[in-house]
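Here is a short report on a predicted model. It covers one helix and one lysine.

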Amino acid sequence: MTPSMTAPLPAPAPDRAPLAGRTLLMSGGSRGIGLAIALRAARDGANVALLAKTDTPHPRLPGTVHTAAAEIERAGGRALPIVGDVRDENDVRRAVAATAERFGGIDVVVNNASAIALQNPGELPLKRYDLMMDVNVRGTFLLTSFALPHLRDSRHAHVLTLSPPLNPDGRWLREHAPYTVSKYGMTMLTLGVAEQHRAGRLSANCLWPATTIATAATENLRGADEAARVSRTPRIMADAAHALLTRPAGEVTGQCLIDEDVLRGEGVTDFDGYRADPHGDAALRKDIFL
């Protein structure tokens with residue numbers, strides 16, 4: 001089995017709050033999937049540091065790093081909002097140092113921040129291409145690299161990157177090659193970290209949804225009605241991420257996992273509760289890089 005294939009997960013050990021006291025450092029997280037993952041960890045009593053640019057409200061997107069931190073605190077966690085840019089070396093170094101100082105270390109890195117533009121060469125402006133490569137690939141490289149010394153000191157070290165399996169199907173290059181390249185770059189960096197630490201006590205995995213996920217960003221991109229009708233809520237990614245991050249470090253690593261498959265391994269058989277629109281189309285869109 002290659003590192004990019006989904007492997008069956010062993011049965012989890014029972015623990016009501018397995019992330020209690022653990023420290024997560026996440027890029028982005030002001031809204032959407034990232035915030036859902038942060039809130040799920042906070043319900044265990046985790047410490048969550050967010051590195052995000054959204055210091056003030058965006059005209060079309062709800063939430064800031066400060067409102068996200070307030071939600072984390074209300075959910076039962078401890079929050080550290082850090083205003084900064086994941087593309088900036090100094091900002092990332094500062095975020096890693098501040099997180100370790102505030103909480104005494106770093107146990108989990110979540111590479112959540114991502115830029116998206118579904119255009120091809122000849123259509124995509126260079127500025128948008130550079131943004132995707134810098135946020136998606138450079139950001140993943142910076143945050144993971146600078147956090148690694150702290151992760152190596154943790155007994156529960158995890159890197160989780162929200163990026164897809166490496167699929168050679170030319171469809172994804174035909175439809176949006178630049179975005180595909182940037183997301184596959186995130187995946188390859190994460191799988192590289194897994195291989196680098198095969199002999200150690202660190203897990204590095206990628207997680208991707210089986211369907212489109214209804215967030216404010218995707219609604220702006222595709223149109224709210226269509227997105228809701230064929231999508232699931234961010235909660236499915238949060239539950240799948242929680243299942244992965246609560247595994248012993250090194251037990252599951254070097255895998256590109258799909259949210260639905262992870263939860264099936266946890267015994268979930270009914271996914272209707274994750275629908276963004278309970279009365280939407282019966283067939284959810286299940287062709288996202290799969």
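## The end of α3

G104 comes just after α3 and takes a positive phi of about 85°. Helices here are DSSP runs of H or I with at least four residues, and strands are runs of E with at least two, numbered from the N terminus.

At the N-terminal end, D88 is the cap: one of its side-chain oxygens lies 2.9 Å from the backbone nitrogen of N90.

## Span and faces of α3

Helix α3 covers residues 89–103, 15 in number. Its first and last C-alpha atoms are 21 Å apart, close to the expected 21 Å (1.5 Å times one less than the number of residues).

D91, V92, A95, V96, T99, A100 and F103 are buried (under 20% relative accessible area, 1.4 Å probe, protein chains only). Seen down the axis, they fall within an arc of 160°, so they line one face of the helix. The arc is taken from the directions from the helix axis to the C-beta atoms. Their cover includes β1 (23–27), β2 (47–52), β3 (78–83) and α4 (126–153). On the other side, N90 and E101 are exposed (over 50%).

## K183

K183 sits in helix α5, residues 171–196. K183 is buried, yet has no salt bridge (a side-chain nitrogen of Lys or Arg within 4 Å of a carboxyl oxygen of Asp or Glu). D259, the nearest side chain of opposite charge, is 13 Å away.

The side chains of K183 and S114 make a polar contact of 3.1 Å (a pair of N or O atoms within 3.5 Å, one able to donate a hydrogen and the other to accept it; residues adjacent in sequence count only if both atoms are side-chain atoms).

## Basis

Residues are numbered from 1 along each chain as its sequence is written, and side-chain values use heavy atoms, without hydrogens and water. In this predicted model, local features need pLDDT of at least 70 and side-chain atom pairs count only at pLDDT 80 or more, while totals for chains, interfaces and linings use all residues.

Definitions and conventions. Contact = heavy atoms within 4.5 Å. Lys, Arg positive; Asp, Glu negative; His and termini not counted.
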